[in-house]
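Biologist: Please take a close look at one part of this model and describe it in full for a student who is new to structures. Kindly explain each term as it arises.

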Amino acid sequence: MRLLVLGGTHHVGRAVVETALARGDEVTTVNRGLSRAPAAGVEALVADRTDPDALRRAVADREWDAVIDTWSGPPRVVRDSCELLAGRTGHYGYVSSRSVHRWPIPPGADENAPVVDGDPGAKDDEDYAAAKRGGELAALEAFGDRALLARAGLILGPYEVIGRMPWWLRRIERGGPVLAPEPDRPLQYVDARDLARWMLSAADRGIGGAFNTVSPSGYCTMRELLETAVRVTGADAELVWVSPGVIEEAGISPWTELPIWLPLNSEYDGMHDSDVSAAVASGLTFRPMPETVADTWAWLQAEGDPAPRPGAPGIGLDPDKERRVLQRIRAR
C-alpha cells in the first residue's frame, strides 16, 4: 500500500510508520522535520501542515492509497488536509478520541452515544472534545464513508508523549513506598501499536465509520498494571494501596497527578467502560498488558523520557506531596 502519514514521528504516528514498514508498505510522511529523524525506508516530506500552501507544495500532485492523520489541534488543519487530499487517496484514517462524546460518557456507551458540537473550520483547540469532533467532521465532509474515525481512549505503549505510563515506571524505579490508587479498578486502554495495526488493516479493507478503539473494559486492573511495572523495572518499590476517599481527602487529582487512574463509581466510569464490540468484530486485537509495560520500559531505557509538551499540564504526583500523604496514612 502507498501510505501517507501526516505526522509520524512520535506515539501513534511512529507506531503507524513502523508497522507499515514492517508490512512492506511504501510510506511517506509529512511533518516539520523537527522532532526526530525519519525512520529508515521512509520518504520524508518536510512541511508545516498548519500552512496550507506549504502542505500543498510538499505533496505536489502525488497520490496515495491511504492517509493516516494523527493531528491533535485546531480542526481547520484537518479540514485543509482533507480538502487537499480528497481526490488523491481512497481512504482517510483519523485518530480521534472518545472525548468527542458528551460528558459524562455513559458506562457501556457505543459509537452512537451523543457527541459534542464541533466546527471543522475552527482555528483553535481550547476545547479538546470540540476540536476532535471538528476534526471528525472535516474528515467526513471530504471523505464520507471513506473516512475512518478511530475513537481511542487511553493510549499506552512505547513512544507515548503524554507520559502516563512512563511516569509510573520512573516513579516505581525510584523505589520505596509508592502511593497506589484503588487496586481493583478495571482499566480500558489500547497499545499504540495495536491501534496502528488495526488502522492499517482497516485501510486495506476500505473500512470507514466511527469505532471505539480501546480494549474491553477490565482488560487489566490497576493492581495488575502496577505490579507488572514493579516486576519489569526490578525496583525495590512497595505499592501502598489506598482508597479513592484517601486520595480525594489529600487533594490529589486523578488522571493527571495519578495517571491512568480514575475513581470507580463516579462520573468518570465511562472513560474505562465503553462498548468496543464493533472494533473487535472488525479485527482490533490486543497484546498482553505485560508486553506493553515491558516494551515501554525498554523504550525509556533506550531513548530516555519524552520531552515535556509545551503548554500541556504536568503529569505525575509531586514527591513531597506523596510523602506527606504516606506519612499521614501510616500515622493513623
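Modeller: A pocket is an open set of points on a 1 Å grid over the protein atoms alone, where a 1.4 Å probe fits, with protein on both sides within 12 Å along at least five of seven lines. The model is predicted, so local features need pLDDT of at least 70 and side-chain atom pairs 80 or more, while totals for chains, interfaces and linings use all residues. Residues are numbered from 1 along each chain, and side-chain values use heavy atoms, without hydrogens or water.

The second largest pocket has a volume (the space filled by probe spheres set on the points, joined across faces, edges and corners) of about 260 Å³. Its lining (residues with an atom within 4 Å of a point) comprises 15 residues, and Ile162, Gly163, Pro306, Pro308 and Ile315 lie nearest the centre. By class, 10 lining residues are nonpolar (Ala, Val, Leu, Ile, Met, Phe, Trp, Tyr, Cys, Pro), 3 are charged (Asp, Glu, Lys, Arg) and 2 are polar (the others, Gly among them).

Elsewhere, two helices (DSSP runs of H or I, at least four residues, numbered from the N terminus) meet through contacts (heavy atoms within 4.5 Å). In α1, the residues involved are His11, Val12, Ala15, Val16, Thr19, Ala20 and Arg23. Their partners in α6 are Ala192, Arg193, Leu195, Ala196, Arg197, Leu200, Ser201 and Asp204. This contact of α1 with α6 has 8 nonpolar, 3 polar and 4 charged residues.
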